[in-house]
Amino acid sequence: MHEAAAIPSWVLLAYLISGVCFIVALRGLSSPESSRRGNRAGMAGMAIAVVTTLVTHFPGTGSPASPGPSEPSIFLFDTQALIEIVAAMAVGGGIGLVTARRIQMTAMPQLVAAFHSLVGMAAVLVGAAAFLNPSAFGIVDQSGAILGVSRIEMGLGVAIGAITFSGSVIAFLKLNGNMSGKPILLPLRHWINLAVGLAIFFFLYGFFDSQSPVDFWMLAALSFAIGFLLIVPIGGADMPVVISMLNSYSGWAAAAMGFTLHNTAMIITGALVGSSGAILSYIMCKAMNRSFISVIAGGFGAVESSGAAAAIDRPYKRGSAEDAAFLMSQADKVIIVPGYGMAVSQAQHALREMADQLKKEGVEVKYAIHPVAGRMPGHMNVLLAEANVPYDEVFELEDINSEFATADVAFVIGANDVTNPAAKTDKSSPIYGMPVLDVEKARTVLFVKRSMGGVGYAGVDNELFYRDNTMMLLADAKKMVEEIVKSLG
């Protein structure tokens, strides 16, 4: 049996400082203005946690799970092990660095989903290692059996990690266009999910009761399966909620593995990520008028949508960059509504230049951000911050929605579902009930869209295109805005 050695006070202090840094990071990330400071605090906290964990596991420093003198442990590094760990960190860090430098902002949601999948798989692998060699983790009793509490921690960590991995892979495929963004509804899916869920609890109890390898591996396999089953029926309109939900899952998986590894930093970090992700998911569901339970249960109650009628036969008003420039230059107030189309064309810098031109002519300019604009929470805020748009000009839906009625022009650039009035009137629409930006109340709506053939990520047409006060600006978003800037000049 491995007795857990007393953890040195300086280690507890270091982990406490690390936890405080993570809390400061979360606080900083709550606002675009303080997000950079928040990121730095998070990086500092993680550096402290990693260095402390490595140092405490060198011989003679007092490992949290130090074995007796005759009992070798994977926690006590020899030279080869140290080289392998440093090499693994170098490879992983190098891949992360290269990926972060090359990734486009439009692909950031896919990247986040991919990272979540890695966290989930890491939890599964740690759990498997602990199951196969429990004595090395100091989680066995005098008979050599895994401690009961450790079985629960291990089983939960593996289950949540497996769900996170397979669910994140499906989210990545949907966001990356490798899989349809529409809900994929399997026959009897709710009964299948219920059966698989009950089986997971059955094998979790079996593993706790008997430490059976069959129970452990069946638990892992079924958890991988239900992660797939839960995310497949969720449509593109709910994908921002899925991203934040998977973020929460990855945190809880890390926390569970923290108990297995006797690592306080992992427990604190995982709990922070898990709880903050759950809160964000709830906020996103509320913003979209979705049931939190329904979404995490795999789109419970979702139905196939036939979508809107074809737009090709409906009349609409088409304008040019010169028309848009004239209308906005004569306006007193212009509200800009950015969406995923702006991200795809990387039009944020040109958009800021257009806004600067309008402000020089005495026009009041504001930006309206919907909570689920783009493919992940805060997507539009990050893009506008990248273009150095002043923070005091950017407003959330609940703070600016009432101002559209007093706006001369609503300039919608690449946003579709979040401006669709059908969300308020059409009960058959997949976005029905989702709060939307009331752009149709503006005197004139200028809608930048690549063509009339496409629809939003939810797969429905936008009736706003065909209203009398809407002028369609059909072109690549960046090129259209650049032409408007030239016309303003």
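Asn 462 is found in the loop between β5 and β6, in what is a predicted model. Because its relative accessible area is 0%, and a residue counts as buried when that value is under 20%, Asn 462 is classed as buried. Its side chain makes a polar contact with the side chain of Thr 419, at 3.2 Å. When neighbours within four places in sequence are left aside, Asn 462 is in contact with Asn 416, Thr 419, Asn 420, Pro 421 and Phe 447.

The strands β5 (444–449) and β6 (470–474) also take part in the surroundings of helix α17, whose buried residues pack against both of them, as well as against α11 (321–329), α12 (340–345), α13 (348–360) and β4. The residues buried in α17 are Ala 477, Met 480, Val 481, Ile 484, Val 485 and Leu 488. Seen down the helix axis, the buried residues of α17 fall within an arc of 140 degrees, so they line one face of the helix. In an α-helix there are 3.6 residues a turn, so residues three or four places apart point the same way. The face of α17 turned away from this buried side carries Lys 479 and Lys 486, both of which are exposed. At the N-terminal end, α17 is capped by Asp 476, a side-chain oxygen of which lies 3.1 Å from the backbone nitrogen of Lys 478.

The lengths of two helices can be set beside the values expected at 1.5 Å a residue.

| Helix | Residues | Number of residues | Span between end C-alpha atoms | Expected span |
|---|---|---|---|---|
| α1 | 9–28 | 20 residues | 29 Å | 28 Å |
| α17 | 477–488 | 12 residues | 16 Å | 16 Å |

For α1 the span is close to the expected one, and for α17 the two values agree. In α1, the buried residues are Val 11, Ala 14, Tyr 15, Ser 18, Gly 19, Cys 21, Phe 22, Ala 25 and Gly 28.

Strand β1 (residues 333–338) is mostly covered, with 6 of its 6 residues buried. Lys 333, Ile 335 and Val 337 point one way from β1, whereas Val 334, Ile 336 and Pro 338 point the other way. This follows the general pattern, in which the side chains of a regular strand alternate between the two faces of the sheet. β1 pairs in the parallel sense with β2 (residues 364–369) over 4 bridges, and within that pairing Val 334 has Val 365 as its bridge partner. β1 also pairs in the parallel sense with β4 (residues 409–413), over 5 bridges, where Pro 338 stands opposite Ile 413. Strand β4 is thus a link between two parts of this account, being paired with β1 and packed against by the buried residues of α17.

Methods: Residues are numbered from 1 along each chain as its sequence is written. This is a predicted model: local features need pLDDT of at least 70, side-chain atom pairs count only at pLDDT 80 or more; totals for chains, interfaces and linings use all residues. Side-chain values use heavy atoms; hydrogens and water are left out. The expected span of a helix is 1.5 Å times one less than its number of residues. Buried means under 20% relative accessible area, exposed over 50%, partly exposed in between (1.4 Å probe, protein chains only). Two strands pair if DSSP finds at least two bridges between them. The arc is that of the directions from the helix axis to the C-beta atoms. Contact means heavy atoms within 4.5 Å. A polar contact is a pair of N or O atoms within 3.5 Å; within protein, one must be able to donate a hydrogen and the other to accept it, and residues adjacent in sequence count only if both atoms are side-chain atoms.
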